[in-house]
Structures are given as structure tokens and as C-alpha cells.
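Here are a few exercises to work through with the model open beside you. Try each task before reading its solution.

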Amino acid sequence: MEKYNRGFVLSGGGARGFAHLGILQYLKEKGIYPDIISGVSAGAIVGAFIASGKEPFETLEILAKGGFLKYTKIHLPVDGLLKLDGLKELFIKEIEQQNIEELKIPLIVGATNLNLGKVDFFDQGPIHEIVLASSSIPVLFSPVNYNGFQYVDGGVLNNLPVEPLLGKCYKIITQNINPINETGKIKNLIQVATRTFHLGVHARIDFAKKNSDLYIEPKELDKFDLLKANKADKVFEVGYKFAEAIDLKDFI
């Protein structure tokens, strides 16, 4: 089995995913690059762009052109309030490769199989279908049908997908952009749904910490709305500045 130098685990966390890019940008400046990426939800979106050959700051500019909801379409709420059709179109436009196995950096994407009640990890197949499946927060977004199964956000069962990298990497760097701290008033149904979802996916943190050589979790990120990208630059900056304070001597 091929052994990679550095494996990166990228968690879900909605629009807080811009912090992934800030962290990756700083690490890149220090000569620390991912040799393989495992991600779910926002982490899968970021991972797909980075694995395709895009730079972190370049990806920020692409994704920050509109709010996260710009890439969704409202439809009759049979299985979800929103569809991610616009995000699919963005992938097709901005990412040269069509399939995961064609990416420049190996990528593993986790999505929750609703029918079988387990996480499926994909390292091949159509990028836009699989990443969208990994990003579909239940109730808020419609499930994605793929290979005869219905898929929702990979974070439902595993928001920090370290497992696919165990035994494959000399070093594992985990980026959790979904800290859970006390929150103020929750104002609407969407915020209730996203807060409830992310409280549920927080359970696997201890396992991820134990199996990571470097665990990164900027606590300040809980101040930012999961579905609003209007503060993308600020969220990017939070990730970048948090990474600046990390002792990286064992990773350079």
C-alpha cells in the first residue's frame, strides 16, 4: 500500500469552510502541502478544489462570489427545502477534472448512505455528484441520488473522517472548522436545523484527536453563520491567523 507523507482531514462546517482555505494558505506558505485529502461537506468542497490544483486563495475568490445560498434553489419541501444545483454548475465550470480519480491530489469523500445507514467513502466517480451528496445537510437540502442510493451530508455519521487515512500517512493533520460553543438566540428554522445538525456531528472529536498528529480547531469560528458567505474574507483570516500560532516544527 502506498504511504503518503501528509494526509489532511477536512471537516464539514458550512460557510466556515473558508477557514479551511485560510489554514491551508498559511501551511502552504510554510511548505506544508496535502499529499492526500479526506473530507466531508464543506471539507469535501474545499478538498475538491485543492485536489484539482487550485490554490487556497484562488478557491476563496471562486467560492466567495456569492453567498452559500446563491448556489441553491428552493423547491417544494418533499425531501428538503433546497437543492444544490448551482453548486453543481460551479464545479463543472471551475474544476477541469470530471472524476475524483483524475484529480491531481488523491481525494476521499465521505457521504452518508441513507438507505444502508452508513458512511460510504469515495475515491472515484463524478466529482460534482459525490461532493454534493457529501454536502446535503438533511431536511435543509434534498438527498442526492447516486448509484441507486440516497445520500446526505457525510458529517451526519462522521464529520471528521480520519479513518480513510489511517495507516496510509506518516502524518495526519485534521482541520475542524465546526467548534461547538455556547450560542446566542437562534433566530429562524434554518439556524435551528443547522445548529441541531452540527451538535449531532460533534461526537467523534475525541477519536479524531487521538488519531491526528496535528489537530486544528479555531474556536472563534462559532461566531460565524453556517450558511452565510458574506464574511468569507474574515473567516479565511481567522483560519490563517490561527494557523500562524501553531508550532509546526515537526511538520516542515
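**Exercise 1: placing Ala-229**

Ala-229 sits in the loop between β11 (214-216) and α8 (232-244); helices (H or I, at least four residues) and strands (E, at least two) are DSSP runs, numbered from the N terminus. This is a predicted model, where local features need pLDDT of at least 70, side-chain atom pairs count only at pLDDT 80 or more, and totals for chains, interfaces and linings use all residues. Residues are numbered from 1 along each chain as its sequence is written, and side-chain values use heavy atoms, leaving out hydrogens and water.

Task: decide whether Ala-229 is buried or exposed.

Solution:
- Take the cut-offs: buried is under 20% relative accessible area, exposed over 50%, partly exposed in between (1.4 Å probe, protein chains only).
- Ala-229 has a relative accessible area of 8%, so this residue is buried.
- As a further step, look at Ala-64: its C-alpha is 6.4 Å from that of Ala-229, although the two are 165 residues apart in sequence.

**Exercise 2: His-128 and its helix**

Task: find which residues His-128 touches, not counting residues up to four places away in sequence.

Solution:
- Start with the location: His-128 belongs to helix α5 (residues 127-135).
- His-128 counts as buried because its relative accessibility is 14%.
- With contact meaning heavy atoms within 4.5 Å, the partners are Lys-88, Phe-91, Ile-92 and Gln-98.
- Now widen the view: eight of the nine residues of α5 are buried, including Ile-130, Val-131 and Leu-132.
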